[in-house]
Each structure stands twice: as structure tokens, then as C-alpha cells.
Amino acid sequence: MKNKILASLEKSNDFVSGEELSKSLGVSRTAVWKNIKALREEGYIIESVTNRGYRLTGKPSLLDAERIRASLDTNLVGTDIVVLRTVDSTNEEVKRRARQGSKSGLIVAAEEQTMGKGRIGREWSSSAGGLYFTIMLRPELPPENISSITLAAGYGVCLAVREYTGLDAKIKWPNDIIIGNKKLCGILTEMAAQADMIDYVAVGIGINVNIEAFPENIREKATSLYLETGRKLDRNDFFISVLRHLDIAAAAFLAGFTDAENQEFRSLCATIGRRVQTTKGNITIEGEAVDVCENGELLVRDDTGELHKVNSGEVLVQGIY
Ligand code: BTN
């Protein structure tokens, strides 16, 4: 319905009355109003004047594949860039394309995901104004490297956010970027592999860029660059910066992080030095996160002083959502 109303407004350069819209689309005036409200929340600027109706005067700035391609000077990330208006999930779309033989470096981004996926089978709410994309890579590495790939991606996004906005973004091990104690970005890495070699990885990244408000259930835990800076960012420019940093992070990861990079990663990792509780299956470990190991595992010292290497599962960090 929303798209039909939008199409009617786009077709006419002038006002379209609410009555006309309601008659031609066979819905109530209230339904027309609700959809106009939803379109405004997506960034469309729609004037409304009593007795004349609605007029479209501005559109949200959408991702522009041409512009991104033209500005990108990357090597590993962005060999092909696909921008979709809507998709079930960019991870799913990338996996479909990878199965059909797409080349390493493919990026699929979408304005809207109807079934955005989070970790542990959760849903990822993909409100308008966010940046949702997945990178497909075919590194010649054994499957154990998957968690380090997620960490390298988080490192790249974190550096991009810091450089582009000046905000004090940090990494919450293993796959979130946070500002203060709220989540800004989540990463979901999926993989297809043989026993000893990765076929492809799909690194799905969701960043809350220009989101003005979150649903009630995540309002306390989530933030966006708009909420932190008070201004709307040019998503194309920001995306280009993120992709550049991801390209550098991918190259560094493949070459093996230098001591300086490892040091920088640690200084950006908000989990280190905090009390954590990790759960995998029915085993729970509580203690202090003391480091991130070379292979990406979190090193946790429990209250008896014993060290544990934790490689995935749920992590609760004291003081962060
Ligand atoms: C998490 O924090 O649980 C991970 C969230 C990952 C969300 C991104 S949005 C782009 C890509 N497509 C998806 O369906 N999920 C990832």
C-alpha cells in the first residue's frame, strides 16, 4: 500500500487529495494517513494542505551503486557492488549469489530487509536510514578462521566510525560495535566450507546510521550515529569510508596483524578488563575478560584464577546493555 501511495504521489507533480488516494486504492482515509506517516518516517518529504491533499517534495537519499563504485579504490572488498531497494536479507542474497559462483569481494547492500537476521536466530530490525550490507569473501583458509574474520570486520567498522564521526566507538567482543554502553552495529558472519577449506564467508553488517528512534524493546540498548551526533550523515560517503577500512582490515588480516594492529585492536575492545559471563550450551563461565587471543578467542579468568578460552556463544558484559 505504501508503495502504491508513493507511486501515485510520484506520478503527479501536484497535490493528490486524500479522498482520491483512498478511492483509487480502495482503502480508508485513515489508512492513507498512516502510510503517509510511514513514508515520512522513511525520509520522504510530503506536504499536506487542508482541502488540497498531499504533495511529494523530497525523497530520502538512497544508496547509489554508481557513486560508490566510482569512489572506491579498494582491492579485496567491492569487486562487484549490488544495491537493492528491498531484499529478505543481504546475507541470504549473498549466499545465493556465492552458490552461483560470484567472485570474492561481492557486496550486496539493501535499503530494506524484510527478514534481517541477527545472531543466534534473532531478528535484526532494519529500519529506514540504516546501512545493511554483506560482503562475500573466498579466503583460502581453514574454517577455524571464521571468528577472526568477524573480529577483523568489527575492527574495520570501528575505525571507520571513529574517523568519520569522531565518536568513541568500541568493539564489544565478538561482533558488536558500541558507543558508550549502547549498540551501534552488529555483525553476522556465515560460512560454507569443506572440512579443511572455506568456500566462502558472508560477513553481514548492520549499522544504525540515520535512525531517529528505535522500537520500545531495544530503545535502552541501541543507538545510532544520528542520535550520537545530532546530524544526518551522507550514507553513501559513510559507506565508502566503511568499505575502505574493511578493505584495509581484510588485507591486514590476511597478512597477519602486526603487533601495532593487535595493540590497537585491544585498545578498542571494550570487553577486555570487564567482568563477563559467557554461556555455551549449559556451561557458564564468569570472570574477567583479560585478552583476545590470536585466533580470536576471548581469554577469561574465572574467580579461582583459572583461564578459559571462549570462542563463541552468548557474552554478557557488565556495564554494557
Ligand atoms: C547481531 O548483532 O545479531 C548481528 C546483526 C547483523 C545484521 C546484518 S544487517 C546486514 C546483514 N543481513 C542480515 O540479515 N543480517 C546482517
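In this predicted model, helix α2 is followed by G26, a residue with a positive phi near 70°. The helix that precedes this glycine, spanning residues 18-25, makes a good starting point for a tour of the structure. Its buried residues are G18, L21 and S22. These residues sit on the same side of α2, because they cover an arc of only 95° around the axis. The general geometry helps here: an α-helix has 3.6 residues a turn, so residues three or four places apart point the same way. K23 and S24, by contrast, are exposed on the other side of α2. The cover over the buried residues of α2 includes α1, α3 and β2 (53-58).

Two of these covering helices also meet one another. The axes of α1 (residues 2-11) and α3 (residues 29-41) come within 9 Å and cross at roughly 80°. Since an angle of 65 to 115 degrees counts as roughly perpendicular, α1 and α3 are therefore roughly perpendicular to each other. On the α1 side the contact is made by K2, I5, L6 and L9, which meet V32, N35, I36, A38 and L39 of α3. Sorted by character, the residues of this contact comprise seven nonpolar, one polar and one charged.

Further along the chain comes an open sheet. Seven strands make it up, in the order β3-β4-β5-β9-β8-β7-β6, and their pairing is mixed. β3 (80-87) and β6 (169-172) stand at the edges with a single partner strand each, so one side of each is left without a neighbour in the sheet. On average, and with direction ignored, neighbouring strands of this sheet are turned by 20° against each other. At the β6 edge, the pairing with strand β7 (residues 176-179) is antiparallel and runs over four bridges. Within this pair, I171 has I177 in β7 as its bridge partner.

Helices lie across this sheet as well. Helix α5 (residues 90-99) lies across β3, β4 (106-113), β5 (131-137), β8 (182-193) and β9 (198-207), and runs at about 145° to β4. Helix α6 (residues 146-165) lies across β6, β7, β8 and β9, with an angle of about 145° to β8.

A last stop is T278, found in strand β10 (residues 275-280). How far is T278 buried? Its relative accessible area is 3%, and because buried means under 20%, T278 counts as buried. With neighbours within four places in sequence left aside, T278 is in contact with I283, T284, I285, V310, E314 and V315.

How values were computed
Residues numbered from 1 in each chain as written. Predicted model: local features only at pLDDT ≥ 70, side-chain atom pairs only at ≥ 80, totals over all residues. Heavy atoms only, no water. Axes fitted to C-alpha atoms, helices over the stretch in contact; angles between N-to-C directions. Helix = DSSP H or I, 4+ residues; strand = E, 2+ residues; numbered from the N terminus. Parallel < 35°, antiparallel > 145°, perpendicular 65-115°, else oblique. Contact = heavy atoms within 4.5 Å. Nonpolar A, V, L, I, M, F, W, Y, C, P; charged D, E, K, R; others polar. Buried < 20%, exposed > 50% of the residue type's maximum accessible area, 1.4 Å probe, protein only. Arc of directions from axis to C-beta. Pairing = 2+ DSSP bridges.
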